[in-house]
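Below are some notes on the structure, set out as numbered points. They cover salt bridges, aromatic contacts and the two sheets.

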Amino acid sequence: MVASIETTVKQWGDEQIRSLGWNTIASENESADPLIDETLKNNPSKLGGDGGGRPDYTIIISNGEKTIPVFIEYKGTKGKLEKLDKQDLIILRNDDQAFDFKTAISKYAVNGASYYAMNALKGTNYLEALAVGVNGTKDSTGSVNYEIKCYVLNQKNPDLPIYLGEYSDFNFLRNNKTEKEYLFQKISDVQLDPKELEQRLIRDDAKIEAVLQELNQKIHDEQQIIPSQRINIVAGSLMAAVGVKDKQGDWRITRLNPNELTGSKEEGNTDGEKILTKVRNFLKERSLPIQKQKQILDYLQPNFVNSNLNKKSSDEFQTPIKTIYQEIYNKLIPIYDVTGINDFTGKLFNVMNAWVDVPDGGANDVVLTPRYITNFMAELTQVNQDSYVWDWALGSGGFLISAMNIMISDVHASYGNDLTKQYKKIESIKTKQLLGVELLPNVYILAVLNMILMGDGSSNIVNDNSLTHYEGKYAYNEDPFPADVFLLNPPYSAEGNGMIFVEKAFSKQKKGLGAVIIQDSAGSGKAVEINKNILKNNRLKASIKMPTDLFKASVQTSIYLFEVGRPHKIDDNVYFIDLREDGYTRTNRKKAKNNLFNTNDAKGHYQEVLDIVLDRTKKTNYFNEGVNYYKGAIDPESGKDWNYNKKVDTATTESDFRKTIGDYLSWEVSQIIKGVNTDF
């Protein structure tokens, strides 16, 4: 075993650090900031022990606008600079979401520095921190080779270090105007880099999925809870466990700690009733309509209060409901705290649906649309802050969440620093401009929870049958919902593969755009009469053929984009686009942490399709007219010519003729040479 040269590395680093020119530079035994000292003391050391720990060096840097602590860790063994996962991201936690003190944080320089930076962000008011790992090794001549890597962490996602750069020395941290301006600009830039953001989203999804799969299987194996109960229990437990904070970060509704569940048999004080009381306070604080609060509590009551889960037998030391709640609190809440909750419960539902069938799942085709597709379709329909968006087969609310995020971003861009106008408009978006209809009660509960956690656009989520009863009105008054954007992934077993939902919705939507992702057999013969009716008052603008492995069922789907309220004419052009090669590689390994890989600029592929359909200048060249997309007409009286089909050019050119004749003459000469008679 090669001996560590960490002492040599430390001497090399210390000498440079002391000459960087910053006022606050502290070694392991010195203090850079009492608040940092305190928060590190209150967290386990990098070995996992009590009493905290200190990085090898801490520097406080500033450009006059931002002040950022820098945490530096040394190592002196080959391969000990950093430990990465399969997404090339720094490992801080193991598969069980516990901190990986044993094999990552304590063993690798960058991982250790990142752990200190993360803890500092969670316990102080710093918005960003830098983690710097330094490693050195001797080569065959005895010379020492040094390597330095730096990552930035922020308060929004402190568990996810973002790669800043690789360096040969510490000059990048020098306190002079040129180096400082470049460093602080790069710190800002890397946090907005699209590739980095997408990579982090994939990491979030993988973490959530791994924990949820384990949790779901454990609930199934140990408690034997049927699927219809399971979703309600997880949803209710999450409401009790996340709590509610005000704008200043103070708790309005505190989290229910599992220790508060004592197994009491006293009426009103049982474990299930305590959870339900916290849910009641959660819903009230979120200002949901009284009718909706009562409806949700009525759904949850049988699972939390009136079931055997709320009772413990003579040989049990706690109730089954506490066991489940404790698992959710310990395993899911840490992820909730660090992932920004992006479509969190949508991921929850996908995982549960993968393990067991949702009640009536086969009949109702409960298949959730991936987030990058809901975002893509919302952009296709040109959602903005003034849009009124509805979804008639809501699922977990993914389409409305994507639309809401785009709408709120538009508000921020439009109103700048006018926080009063921003708040008023965002409140209107959440309470008046989003509407979803969902038939299945437990899926409805999940959609409500999802929207609440994502920012509470849940006011107008309707538990109803959109094909038979729903009249196109707001949830809690009799006014028609003035929809101008329609987004949908329908149950494919419904009439016309689900196109009946489109026809019904468009009969009540008078203008705007609509996008549906559906089995493309709906556009080639399974919905002829419905399609013909749709085209009488709505124009088909684009037909986009999607990857066959987009959903786990591996069905061929297409996205149809419509202009609502404008009849389709026979000479109207439709964009037909082949997006089956979309830049993603998908696998279907049941136990894999991640089955989606961006192998060929997936973001660029989807952006280019948007540019083509919306008649904007392309920034890339993945799609070429006549190769993988074309413009063509459809017959409004057909109803089965809506799909992309590879066009074959049958026109014969002079060069084709010359090549054919030449090939024939070459063949004839070869036959004559062989003595074969070529007369026929």
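1. D549 has a relative accessibility of 32%, so this residue counts as partly exposed. The coordinates come from a predicted model, and the points below should be read with that in mind.

2. D549 is the acidic partner of R586 in a salt bridge, with 3.4 Å between the closest N and O atoms. The two residues are 37 apart in the chain: R586 belongs to strand β17 (residues 584–586), and D549 to the loop that runs between β14 (538–545) and β15 (557–564). R586 counts as buried because its relative accessibility is 14%. The bridge thus joins a buried arginine to a partly exposed aspartate.

3. The whole structure holds 23 salt bridges. One of them is formed by the side chains of E82 and K149, at 2.6 Å from N to O. Here 67 residues separate the partners, E82 lying in the loop between β3 and α3 (101–105) and K149 in strand β5. Both E82 and K149 are buried.

4. K122 and D159 also meet through their side chains in a salt bridge, 3.4 Å from N to O. K122 is in helix α4 (residues 109–123) and D159 is in the loop between β5 and β6, 37 residues apart. How accessible is D159? Its relative accessibility is 1%, so D159 counts as buried. K122 stands at 45% and therefore counts as partly exposed.

5. The K122 and D159 contact belongs to a network of salt bridges that also takes in R93. R93 has an aromatic contact as well: R93 lies over the face of F99, 4.1 Å from the ring centre. A second case of a charge over a ring is K245, whose charged end sits over W251 at 4.8 Å from the centre of the ring.

6. Aromatic pairs number 25 in the whole structure. W392 and Y470 make an edge-to-face pair, with ring centres 5.4 Å apart and 80 degrees between the planes. This pair spans 78 residues of the chain, from W392 in the loop between β9 (389–391) and α15 (398–415) to Y470 in the loop between β11 (461–463) and β12 (485–488). W392 and Y470 are both buried.

7. F486 and F506 form another edge-to-face pair, at 5.5 Å from centre to centre and with 70 degrees between the planes. F486 sits in strand β12 and F506 in helix α18 (residues 499–506), 20 residues apart. Both F486 and F506 are buried. Elsewhere, ring pairs tie W392 and Y470 into a cluster with Y388, W390, Y474 and F481.

8. One open sheet has nine strands with mixed pairing, in the order β11-β10-β9-β12-β13-β15-β14-β16-β19. β11 and β19 (629–632) are its edge strands, each pairing on one side only. Direction ignored, neighbouring strands of this sheet are turned by 20 degrees against each other on average.

9. Within the nine-stranded sheet, β14 and strand β16 (residues 574–578) run parallel and are joined by four bridges. I544 stands opposite I577 of β16. Helix α18 packs on this sheet, where it touches β9, β12, β13 (513–519), β14 and β15, and its direction makes about 165 degrees with that of β12. The F486 and F506 pair links this same β12 to α18.

10. A further open sheet has six strands, ordered β1-β2-β3-β4-β5-β6, and its pairing is mixed too. β1 (24–27) and β6 (162–167) are at the edges with a single partner strand each, so one side of each is left without a neighbour in the sheet. From one strand to the next, the twist averages 20 degrees.

11. β5 (residues 144–154) and β6 are antiparallel and pair over five bridges. The bridge partner of V152 is I162 in β6. Helix α1 (residues 6–17) packs on the six-stranded sheet, touching β1, β2 (57–62), β3 (67–75), β4 (128–138) and β5, at about 150 degrees to the direction of β3. Helix α5 (residues 177–190) lies across β2, β3, β4, β5 and β6, and runs at about 145 degrees to β6.

How values were computed: Residues are numbered from 1 along each chain as its sequence is written. Side-chain values use heavy atoms; hydrogens and water are left out. Two strands pair if DSSP finds at least two bridges between them. Axes are lines fitted to C-alpha atoms, for helices over the stretch in contact, and angles run from 0 to 180 degrees between N-to-C directions. Contact means heavy atoms within 4.5 Å. A salt bridge is a side-chain nitrogen of Lys or Arg within 4 Å of a carboxyl oxygen of Asp or Glu. Buried means under 20% relative accessible area, exposed over 50%, partly exposed in between (1.4 Å probe, protein chains only). Rings of Phe, Tyr and Trp (its six-membered ring) pair if their centres lie within 6.5 Å; planes under 30 degrees apart count as stacked, over 60 as edge-to-face and the rest as tilted. A charge sits over a ring if NZ of Lys or CZ of Arg is within 6 Å of the ring centre and within 35 degrees of the ring normal.
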